[in-house]
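Me: Got a model open here and I'd like to talk it through. Can you help me read the contacts?

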Amino acid sequence: MARAQELDMAGVEPRQMAADVLRPVQNRPTLAWGFGFGLALFCLLIGAVSWGWQLYIGLGVSGLMWPVMWATYITNFVFWIGIAHSGTLISAILYLFRARFRAAFSRASEAMTIFAIATAGIFPILHLGRAWIFFYVLPYPNQRRLWPNFRSPLVLDVFAISTYFTVSLLFWYLGMVPDFAQIRDRASGWRRTLYGLLSLGWTGSERQVSPYLKLYILLAGLATPLVLSVHTMVSWDFSTSLLPGWHEEIFPPYFVAGAIFSGLAMVLTLVIPLRARFRLQRYITLDHLESLCKLIILTSSILTYSYLTEYFIAWYSGNTYERTAYYLRAFGHYWFPFWLFTVCNCFVPLLFFWRRFRRSILAMFIISILINVGMWVERFTLLVTTLAYSYDPGSWGVYHVQWVEVGILIGSFGWFMTLFLLFVQFAPSLPLGDLHKDILLARRNRQRLAEAALLPESLAARSSP
Amino acid sequence: MSAAAANRPAGTPLLGLAGSFAGAEQLLQARRLADAAGLDSEAFVPAPEEALIRKLRPQSTQNPVRLWTLLGGIGGGAAAFAMTIWMSKNWPLVVGGKPIVSMPPFIDVAFEWTVLFGAVFCALGLLRIARLPRLRFSPAYRPEFVVDRYGLLIRCSPAEEALARGLLAGAQAERIWPVRARLLPPLTLPAEVEDEEE
């Protein structure tokens, strides 16, 4: 019962809530955190060695070979951008709609966004081969008197992703400023200096809070269309190409829905261990997690509809190449990844229609991982099958993943988890101000119900604040 | 010398009286009383509540942050159009039969820079208007003001001290203490300051 858990917040003291949320920040890292961090660093090392080897030998060590010149690296790029998609969207849209379950996920999902963009941004550079000249794509005065081609979606990506990163970083950091002030006031020595600088001298004065609230809603309003624009431009990387399986108008909304879907799943994957490890069950409740599960059902349905539409378009167009591309996607060399992602993205989320699965932490965690797997494989299949089976059968070719690419994929997860583990240890993983507002709201609601003698007995029996 | 004395050297003029409150209602009551007495005051709130801020600052309907954002957005969009058009003309390369100045893709760049510069100027506007970052804290500030207590500083002269004290006490302030007009050293918090009066 959602309302009961919301009203239960009335019994939480803000001081206790702050102590609970800031416990990891104020204490030394635990052994479990150290183990996780070590594992993440090891994965990162695997990725670094793999990339180093590729830089030393050349792109030939990867499986990239004509006709499949975009494969796991661009898959990783699209996958991580998709993960990045949901964080700011969850936080900004739920803020604009004043959704009550926002506080449970907003901070972690914003952090997820930042780290996922930081991960995604590596892949186009890595895919260049000569990674050290990536800056050629930027518009800067140079001796060759060349400028970027602004009609290319690849250049538009640079602008979209750098803007998304900057705005998400501002939204995330400025949201944490009041919380850093709390850490500053509890810390001593160098930590007080560090958090003092990060908190910008925040005191909660009305002269600070008043413009701050206006800033926050403006940033949320700016971030929301930005989120939609980013994956739209990423989808243009494909849909502006005249290739069967890519050249479709449905791509922008289809990519956006897929990105939100994968991002929601990744939020579940990250928040469930965070909640258990740092004992935050009172603030990230089962009701909150259930709300995410319902959103996953919605986005999975949109995605399934998009998959079906793609096939319908291929059939309805009467175009042989389109029909062949889609037939081979399902029954060609890459039939296994196709059916894997279909099961993971279209059928597995249907389990959330049963309340038992929406209320089981283990089921949620397993399903979220399966969705993540499904979304990575979906991007892989989308990219590789179109390039492998384009117009002329004489130019068809099969792509095989090489160990360097697997190492770099592992490294990307290592890089992401390293950043995320640093975040949960050194920054407040829940927004204290928003939780405080939830407590005040719960107290007011509880008081109103008590005055009307409508407070449920189970709640009335609990100690009042 | 005690920490309290260090923060309050002899001869430092009185800035006003500060009080801490358990709830927002008491804070609003104290603000209303201070306004009625014609005394300037500044509130501290632990949670950024819009409804409370609107009651505390009903005159603050203007939103300078919005203006900063608008100007930043317009500037960013205009700069993006100027950049894409000029660079395309400076290196006129026909791609896919499209015009040299192809506005549809340029609109995408302009949209991104509108949002980018709007957001950056929004943040700069906050820093300017809220006078952040600050390394030195108001001596009225207490760490509890960002945790669970509301605070009000009533600026007054020594002659008005008794009146201000009466206003704070009338609004059920939990604690009341005099504040001297002196900023603390950089990054030094008044957490170590002992209570003067209960």
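Me: How many residue pairs are in polar contact across the interface of chain B and chain A?
Reply: The rule finds 18 residue pairs in polar contact across that interface, both residues at pLDDT 80 or more. A polar contact here is a pair of N or O atoms within 3.5 Å; within protein, one must be able to donate a hydrogen and the other to accept it, and residues adjacent in sequence count only if both atoms are side-chain atoms.

Me: Which parts of chain B supply the side that touches chain A?
Reply: Strand 2 (41–44), helix 3 (50–56), helix 4 (64–90), helix 5 (103–129) and strand 3 (150–155) of chain B each supply at least two residues. Helix 5 of chain B gives the most, with 17 residues. Helices (H or I, at least four residues) and strands (E, at least two) are DSSP runs, numbered from the N terminus.

Me: And what is that side of chain B like by class?
Reply: By class it has 44 nonpolar, 10 polar and 15 charged residues. Ala, Val, Leu, Ile, Met, Phe, Trp, Tyr, Cys and Pro count as nonpolar, Asp, Glu, Lys and Arg as charged, and the others, Gly among them, as polar.

Me: Hang on, what sort of model is this?
Reply: This is a predicted model: local features need pLDDT of at least 70, side-chain atom pairs count only at pLDDT 80 or more, and totals for chains, interfaces and linings use all residues. Residues are numbered from 1 along each chain as its sequence is written, chains are lettered from A and ligands numbered from 1 in the order in which they are written, and side-chain values use heavy atoms, with hydrogens and water left out.

Me: OK. How many residues does each chain bring to the contact?
Reply: Chain B brings 69 residues and chain A brings 57 residues, with contact meaning heavy atoms within 4.5 Å.

Me: What area do they bury between them?
Reply: About 5,700 Å², 67% of it on carbon and sulfur atoms. Buried area is the accessible area (1.4 Å probe) that two parts lose on being put together, summed over both. In chain B, B:Pro48, B:Trp91 and B:Glu112 lose the most area to chain A, together 11% of what that side buries.

Me: How many salt bridges cross the interface?
Reply: The rule finds five across the interface of chain B and chain A. A salt bridge is a side-chain nitrogen of Lys or Arg within 4 Å of a carboxyl oxygen of Asp or Glu. A:Arg444 forms one with B:Glu49, the closest N and O atoms being 3.3 Å apart.

Me: Switching topic: what does B:Glu42 pair with?
Reply: B:Glu42 meets B:Arg155 in a salt bridge (2.9 Å, N to O). B:Glu42 lies in strand 2 of chain B and B:Arg155 in strand 3 of chain B, so the pair ties together parts that are 113 residues apart in sequence.

Me: Is B:Glu42 buried or exposed?
Reply: Buried, at 9% relative accessibility, whereas B:Arg155 is partly exposed at 24%. Buried means under 20% relative accessible area, exposed over 50%, partly exposed in between (1.4 Å probe, protein chains only).

Me: What about the salt bridge of B:Glu161 and B:Arg165, where do they lie?
Reply: Both lie in helix 6 (residues 161–170) of chain B, four residues apart, about one turn of the helix. Their side chains come to 3.2 Å, N to O.
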